Amino acid sequence: MTESKSITEQQHTCDVLIIGAGAAGLSLALKLAPHAKITVLSKGKLSEGSTLYAQGGVAAVFSDDDSVEAHVQDTLIAGAGLCDEDAVRFTVSNAKESIQWLIDTGVGFDTEIDRDGQAQYHLTREGGHSHRRILHAADATGKEIETTLLGAVKKHKNINLLEGYNAVDLITSRKLNLPANRILGAYVWNRKAERVEIIKSNFVTLATGGASKVYQYTSNPDVSSGDGIALAWRSGCRIANMEFNQFHPTCLFHADAKNFLLTEALRGEGAHLLRPDGSRFMFDFDERAELAPRDIVARAIDYEMKRLGADCMYLDISHKSKEFIVKHFPTIYQRCLSLGIDMAEQPIPIVPAAHYSCGGVMIDHHGQTDIDGLYAIGEVSYTGLHGANRLASNSLLECIVYAHACAKDIINRLPFYNERKFAKIPDWDESQVDDSDEAVVIQHNWHELRLFMWDYVGIVRTDKRLQRALHRVQLLQREIDEYYSNCKVSNNLLELRNLVQVAEIMVKSAMKRKESRGLHYNLDYPEQLDNPKPTILSPDKNS
């Protein structure tokens, strides 16, 4: 046992702490920077989040043939009766202004020349959309947005970027037995220095992305470990609709193609889904065929794979010209070619993979959570926009719209906190812990969790599978809690602790929904209820 001492050697102070450096976090930082001192926390490389890998684009009405109302209705239909219509209208109504801000910031969306010889944005169409309204940068839209925003952030003197820092836990007045329940900052793990530090802040925004890494197969990068959801839950925030995890229908199935997603826009541009024998199957499941919403497409692929005992299905766009394919999907074309697959000549092997968390930390239209001064934006949050199934390309849109709304609210509140004196925050105490020599235990638990979540809480569920998952996740949680209490902090331990917490929330949410709707399909309850409600869990009630 080590001698009693604190390892907190550094304290940071800022006006606003933003945890996460994707489209939501960076957009918020840029909007706030002229008004306040901002710290942006990134646990990995600054660009290493889901935004970087987003291929399809951003949905907004830029065509005279389209309308805000049509975008609203498409979103409501995809959400399978569980969207918050106010949130949908708020987001869609602010879409064009938000995308114009990206353009003004320097994001280069693809253009084309119209019949009159004028340049206009090239709009593509994806599953669930009734019109072409997806602005994109070839098939690497997320990369264009992330690199542009990050470049602008790095130039701003009021933004302090901390790379290689994990948020350990939020600090609130309630945790310090002070009046009310307000955010005070966060304990963070400096991975390079291997120490826990304190960041004091008047406002904290969670922009940490989703939790798809809880599953064995996912399109998400390794950082998608549900950190923000777990942080908010442990601090007393309600979490909603975590049973709705979107499985992207088409991830590249190849031993050397880790997490490589094949954009929805491929099907939007005419790609067909095929069985191993070359026959199409989507018309057997939905009249919209390949343009059906993702939940329907993912279940159809999953069904055909299980029915045929096949390892994968196939996505075929080889009936289009090679020139068209290379122009519109250069990143995918080159990636497939590097693996020996020429998508201009042959179908691409695909499987569904966990892709997007439609639920999250409950917020209002300003991004404000249940804790005063704590905000959540982007995939970590639950706005009500996505309902039971996210409409393609609404996610990046939600990031920008709510980043702007959050910034506006914080800017209005900043004057009241300029002279605020920070409460005394106790140093991180590591006096009762040992160095761990059992990293293999963490790795084993990580694999066990992701495997049983895939088997029991995947695309198709049953009550028995969910009961098994809950039993296993609670056993795992007790083991990890004990490990956390007795061992020094590490990146892997922090992520595993968060993932197990989020897994429990997912399972309990799924058990509460006694119907099949959108992304949640339970064989024991195949019908839909007449009056569906969001599934809301509260840590205070632990249910």
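# Briefing: a buried aspartate, ring pairs, sheets and cysteines

Let's start with Asp74, which has its place in helix 3, residues 68-78. Keep in mind that this is a predicted model. Beyond that aspartate, the tour takes in 12 aromatic pairs, an open sheet of three strands, an open sheet of four strands, and a disulfide search that comes back with zero hits.

**Around Asp74**

- Asp74 is buried: its relative accessible area is 8%, and the cut-off for that label is under 20%.
- Leaving aside residues up to four places away in sequence, Asp74 touches Gly128, His129, Ser130, His131, Arg133 and Leu391.

**Rings with rings**

- The structure has 12 aromatic pairs in total, and one of them is Phe203 with Tyr417.
- That pair is edge-to-face, with 5.2 Å from centre to centre and 75° between the planes.
- Phe203 belongs to strand 11 (residues 195-206), while Tyr417 sits in the loop between helix 12 (395-413) and helix 13 (439-456), so the pair ties together parts that lie 214 residues apart in sequence.
- Both partners, Phe203 and Tyr417, are buried.
- Elsewhere, ring pairs link up Tyr215, Tyr217, Phe247 and Trp454 as a cluster.

**Charges over rings**

- Lys96 puts its charged end over the ring of Phe62, 5.2 Å from the ring centre.
- Arg497 lies over the face of Tyr484, and here the distance to the ring centre is 3.9 Å.

**The three-stranded sheet**

- This one is an open sheet with strand order 3-7-6 and antiparallel pairing.
- Which strands stand at the edges? Strand 3 (58-59) and strand 6 (123-124) do; each has a single partner strand, so one side of each is left without a neighbour in the sheet.
- Strand 3 and strand 7 (residues 134-135) run antiparallel and are joined by two bridges.
- For a concrete handle on that pairing, look at Val58, whose bridge partner in strand 7 is Leu135.

**The four-stranded sheet and its helix**

- The second sheet is open too, with strand order 13-16-15-14, and its pairing is antiparallel.
- Its edge strands are strand 13 (245-252) and strand 14 (272-274), each of which pairs on one side only.
- On average, with direction ignored, neighbouring strands of this sheet are turned by 45° against each other.
- Six bridges hold the antiparallel pairing of strand 13 with strand 16, residues 348-357.
- Within that pairing, Cys251 has Val351 of strand 16 as its bridge partner.
- Helix 9 (residues 294-308) packs on the sheet and touches strand 13, strand 14, strand 15 (313-316) and strand 16.
- The direction of helix 9 makes about 60° with that of strand 13.

**Cysteines without a partner**

- How many disulfides does a search of the whole structure find? The count is zero.
- Cys83 is in no disulfide: the nearest cysteine sulfur belongs to Cys358 and is 9.0 Å away, whereas a disulfide needs the two sulfurs within 2.5 Å.
- Cys83 counts as buried because its relative accessible area is 17%, and the label covers anything under 20%.
- Cys336 is in no disulfide either, with the nearest cysteine sulfur, that of Cys251, 11 Å away.
- Cys336 is also buried, at 0% relative accessibility.

Definitions and conventions. Residues numbered from 1 in each chain as written. Predicted model: local features only at pLDDT ≥ 70, side-chain atom pairs only at ≥ 80, totals over all residues. Heavy atoms only, no water. Buried < 20%, exposed > 50% of the residue type's maximum accessible area, 1.4 Å probe, protein only. Contact = heavy atoms within 4.5 Å. Phe/Tyr/Trp six-rings, centres within 6.5 Å; stacked < 30°, edge-to-face > 60°. Lys NZ or Arg CZ within 6 Å of the ring centre and 35° of its normal. Pairing = 2+ DSSP bridges. Axes fitted to C-alpha atoms, helices over the stretch in contact; angles between N-to-C directions.
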